[in-house]
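Let's walk through this protein together, beginning with its cysteines and moving on to its charged pairs. Have the structure open as you read.

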Amino acid sequence: MPTTTMPTMPALADALPRVEDEIRQLATSSTLPIVNTFSGRITAAGGKRLRSVVMLAGSLALSGEVTGKAVTAAACVELLHAGSLVHDDLMDNAVERRGVRTVNAEWGTGPAVLVGDFMLARASQAALDSISPFAAGKLAAAVTDLVEGQVLEVLDLYDVHRSPDSALRSIALKTGALFRVGCVLAAHCAEASEEVTTRLSEYGAHFGLLFQILDDLLDLASTSDRLGKPAGNDIRQGVYTFPLLRALTEQQRELLAARGRELADAELEGLLRELRGGRLVAETLAYCRGLAAQTVRALPELPESEALGILRELPMAYLEWAGSQIG
């Protein structure tokens, strides 16, 4: 997501490079150079860093500053996310992510498991050392959510009868958990009340759903050039996502039921064309507009500030950016 489309402010812009530095330090903190090579390469490939943006904006809205603990917390959440992607790539047999060869493609299956494990464990260890036992516990709980969300997804692979609610539950655990824990840690670092923490965590959970549904829509409705990976990859992997399940016609459902695991490239391209010409985009964007409003309503009552304004604007700003990537 280009920074020109994202609400920003000087304090937030100044804090993000600090988070990036800490991510790099944590990712390359193994005593084994080979682990540092792969962990460092994965994190250096970057990403939208929206988890950090949401967390740091929350910290600023609550306390008016970004403390060293908040920077560490943001780095831990990003490292946890990166470790989960190493495992995702392994499960999907992916060979490239963000223009970088995956660990499993470059080094093999077993080592990829270990590199991902190192990153997950290092995030909780850093939180325990530099923030608090509470923060480490919340990150560990988020890993549990990630695993359970992934298991639910695996159980539903290639299942054309998967319900949209099942897809939502999976992404609430996988993606929602990381945005939610970031908001909880922002409140923790700012010593916010329990009520404020609960409301901000709800904001993070809703934003995580919004983020993932739009990401799933782009996999179906954007182009391979814009995505940096083949369009329709979720269908190819048997992951039938929330936008897809809501848009499938009976004929398209029958195609996937009969050909899902052996779907030819021409069949996939034809299915994507049909989906893009149908109700997929309009209905998903409409649903996401409602979810964006729900996300903003979850915000706690706080004094007006630039940071609070960013949290209000971010859901619709991301939705508009995603809409611009379609077609």
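In this predicted model, the sulfur of C183 has its closest cysteine sulfur in C189, 12 Å away, which is too far for a bond. C183 itself is buried, at a relative accessible area of 1%. C76 tells a similar story: its closest cysteine sulfur also belongs to C189, at 9.5 Å, again too far for a bond. C76 is buried too, with a relative accessible area of 0%. Since a disulfide calls for two cysteine sulfur atoms within 2.5 Å, the count comes to 0 disulfides.

Now to the charges. Side chains of opposite charge can pair when their charged atoms come close, and a search of the whole structure finds 11 salt bridges. One of them joins D145 and R180, at 2.9 Å from N to O. D145 sits in helix 7 (residues 133-155) and R180 in helix 8 (residues 164-189), so this pair ties together parts that are 35 residues apart in sequence. D145 counts as buried at 18% relative accessibility, while R180 is partly exposed at 27%.

For a pair within one helix, look at D21 and R24, whose closest N and O atoms are 2.6 Å apart. They are 3 residues apart in helix 1 (residues 10-27), and therefore separated by about one helical turn. You will also find E20, R49 and E78 linked in a network of salt bridges.

Finally, turn to the surface, where L32, I34 and W107 form a nonpolar patch with about 270 Å² of accessible area together. W107 belongs to helix 5 (residues 103-107) and is partly exposed, with a relative accessible area of 34%.

Notes
Residues numbered from 1 in each chain as written. Predicted model: local features only at pLDDT ≥ 70, side-chain atom pairs only at ≥ 80, totals over all residues. Heavy atoms only, no water. Patch = residues over 30% accessible without salt bridge, like charges linked within 9 Å, V, L, I, M, F, W, Y side chains within 5 Å. Areas by Shrake-Rupley, 256 points an atom, 1.4 Å probe, with all protein chains shown as cover. Salt bridge = Lys/Arg side-chain N within 4 Å of Asp/Glu carboxyl O. Helix = DSSP H or I, 4+ residues; strand = E, 2+ residues; numbered from the N terminus. Buried < 20%, exposed > 50% of the residue type's maximum accessible area, 1.4 Å probe, protein only.
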